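Biologist: I'm new to this one, so could you walk me through it? Let's bring it up and go question by question.

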Amino acid sequence: MTDLAHPDRLAKLAALRESGVDPYPARGVAARAVAEVRAGAGSSEEPGPLVGERVTIAGRLLGLRDFGKLIFAPVQDRSGRLQVGLKRDALAEWWPSRKQLDGGDLVGVSGTLGFTQKGEPTLWADEVRLLAKALAPPPEKWHGLTDLEARYRRRYVDLWASEGVLEVFIKRSRILSSLRAFLEEQGYLEVETPTLHPICGGATARPFITHYNALGEDRFLRIAPELYLKRLIVGGMERVFEFARNFRNEGLSRDHNPEFTMLELYEAQADYRRMMELTETMLERAALAVNGTTQCEFRGRTYDLQAPFARVRYGDLFEEHVGCAFDDREAVRAKAAELQIEEHGGYWKLMNDLFEELCEPHLEGPVFCTDYPLEICPLAKASPTDPRVAERFELFVAGMELGNAFSELNDPAEQERRFAEQVASKDPETPGEVDLDYVQALEYGMPPTAGLGIGIDRLVMVLTGQDSIRDVLLFPAMRRQESETHGDAPPVPGEGEA
RNA sequence: GGGCGCGUAGCUCAGUCGGUAGAGCAACUGGCUUUUAACCAGUAGGUCCCAGGUUCGAUCCCUGGCGCGCUCACCA
């Protein structure tokens, strides 16, 4: 027991058992969704088909308004809320046990659907069954849970006690369904690839490391599924996608959670132009599916996800906001010096820092920023018309990166050379070894292919109007609390390098 | 990691210019057959985040720590 289990409620639990009532019965009740019952009730002026019928609902008792011989109590399930009316005369046998009932308890109620004098749809009960006793009291009924930490730690309370929270996660689920349905229509196969990677590739990020006992080897939690999905293209699957949980051992912010969900997909015979079309069509549909409109309110502004999205070249943006060509090293370094941006990862890193600082904030979007400098795209294919740039785009909404796509590099020798460059850079965020198995896969031949990654959490933020990534994650990353467990915490291995 | 702020009852919060604390809701007792933040009367509930320091005395002041929030940095 934790100290949230209330003594009064524990006493009621004992009293229930004493009187032969199982406070945690083995079976639930066959219940109808509350929203369905409410819809069937209509209004007191125009009663619906369920009025006068006997129906059963099940859910959480949110409170009790006791009038002596009459009690009103709202019951809430996943679909909504309905008032239950408990009358002594209709529940003579059960009546004394009403004292054992508390707000927060899970109950099944059967009765006749009707209305009150004020016209409130009400289930007039003839049977009340306790389905599970709540020992911990619910949050304050008017303010609910407002402490952010408590809301995230106890999402199991937040979901029913805070307005609109469940709705966000219902929408999240529908967004995933919409994306999945769209891709399946397009002939894609959903696949699952390893989460434990021997080499940490497919993106640039610091990894989490774990140990594989059976193999006696360390593994990286994947930072991206990219290289495995492209192996499947070599394997002839041609159109694949994965909703991948990725892990990046980096900071938390309102746009970042160390574990996050990425939709990655790859399509043979496609290039990045096709990916742009697919992206805008897919997102437009998801918006319509979940909101009924392509307009969404996010961080105080309105964005329209109606296809087609705007396109702007990286180089053009660079010239506009930095004032020179991205490969004009002298000018770029001068501008960086002017802005006191330090060079700590070579020229191309510096150039991109400048881009992020000066250009990205202008990408309100939705907009595809296209044709990135080749040097910052180690897995992308060069443009056939301009060898300085890669066929790559990123999708931005509200200055936030939502997606990343490119025509995939499929020349094994070129890929090996770029891997070797990364390894030589000694950057802690790039792989420490060349993934020769991947190079070998390319040696068997990968067709012309394009790939796309969509940050699902950020997409959900935009489509549900949530400012923080933590509001679209059921259980966002939180520091461990001592009070969460019994027993001793496991030994903590030494911290990785800072 | 830096800056700012917060930590008081189960929940939402007040308060003590330093003398160990209050309200509303929830709970408990009683009353009430049409409420919907029900109402009325009463009762109970606190390691005032933790540890040091100053002081006759600290929940309040100081220092440190822990936790959380916002923000900046980091993070393609």
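**Around the RNA**

Modeller: To start with one contact, a side-chain N or O atom of Glu394 sits 3.1 Å from a sugar or linking oxygen of RNA strand B. That fits the cut-off for a polar contact, a pair of N or O atoms within 3.5 Å. Before you ask more: this is a predicted model, where local features need pLDDT of at least 70 and side-chain atom pairs pLDDT 80 or more, while totals for chains, interfaces and linings use all residues. Residues are numbered from 1 along each chain as written, chains are lettered from A and ligands numbered from 1 in the order written, and side-chain values use heavy atoms, without hydrogens and water.

Biologist: How far is a side-chain N or O atom of Glu401 from a sugar or linking oxygen of RNA strand B?

Modeller: Glu401 also reaches a sugar or linking oxygen of the strand with its side chain. Lys69 instead has a polar side-chain atom 3.3 Å from a phosphate oxygen. For Glu401, the distance is 2.8 Å.

Biologist: Of the residues near RNA strand B, how many are charged?

Modeller: Near means that a heavy atom of the residue lies within 4 Å of the strand. There are 44 such residues, and the closest are Asp8, Lys12, Lys118, Lys141 and Glu250. With Asp, Glu, Lys and Arg counted as charged, Ala, Val, Leu, Ile, Met, Phe, Trp, Tyr, Cys and Pro as nonpolar, and the others, Gly among them, as polar, the split is 9 nonpolar, 11 polar and, for charged, 24.

Biologist: Which helix gives the most to that surface?

Modeller: Helices here are DSSP runs of H or I with at least four residues, strands are E runs of at least two, and both are numbered from the N terminus. Several elements each supply at least two residues, including helix H1 (7–18), strand S3 (70–77) and helix H10 (347–358). The top contributor, with 3 residues, is H3.

**Salt bridges**

Biologist: How many salt bridges does the structure hold?

Modeller: Side chains of opposite charge can pair when their charged atoms come close. The cut-off is a side-chain nitrogen of Lys or Arg within 4 Å of a carboxyl oxygen of Asp or Glu. One network of them links Lys12, Asp102, Asp105 and Lys133. The total is 35.

Biologist: How many residues apart in sequence are the parts that Glu408 and Lys230 tie together?

Modeller: Glu408 and Lys230 form a salt bridge, with their closest N and O atoms 2.5 Å apart. Glu408 is in the loop between strand S18 (400–407) and helix H11 (412–425) and Lys230 is in helix H6 (residues 226–234), so the separation in sequence is 178 residues.

Biologist: Is Asp435 buried or exposed?

Modeller: Asp435 makes a salt bridge with Arg231, at 3.2 Å from N to O. Buried means under 20% relative accessible area, exposed over 50%, and partly exposed in between, using a 1.4 Å probe and protein chains only. Arg231 has 16%, so Arg231 is buried. Asp435 has a relative accessibility of 9%, so the word for Asp435 is buried.

**The whole chain**

Biologist: What percentage of chain A is made up of buried residues?

Modeller: Chain A has 13 helices and 19 strands. Its C-alpha atoms fill a box of roughly 85 × 55 × 50 Å along the principal axes. Out of 498 residues, the buried share is 47%.

Methods: A polar contact is a pair of N or O atoms within 3.5 Å; within protein, one must be able to donate a hydrogen and the other to accept it, and residues adjacent in sequence count only if both atoms are side-chain atoms.
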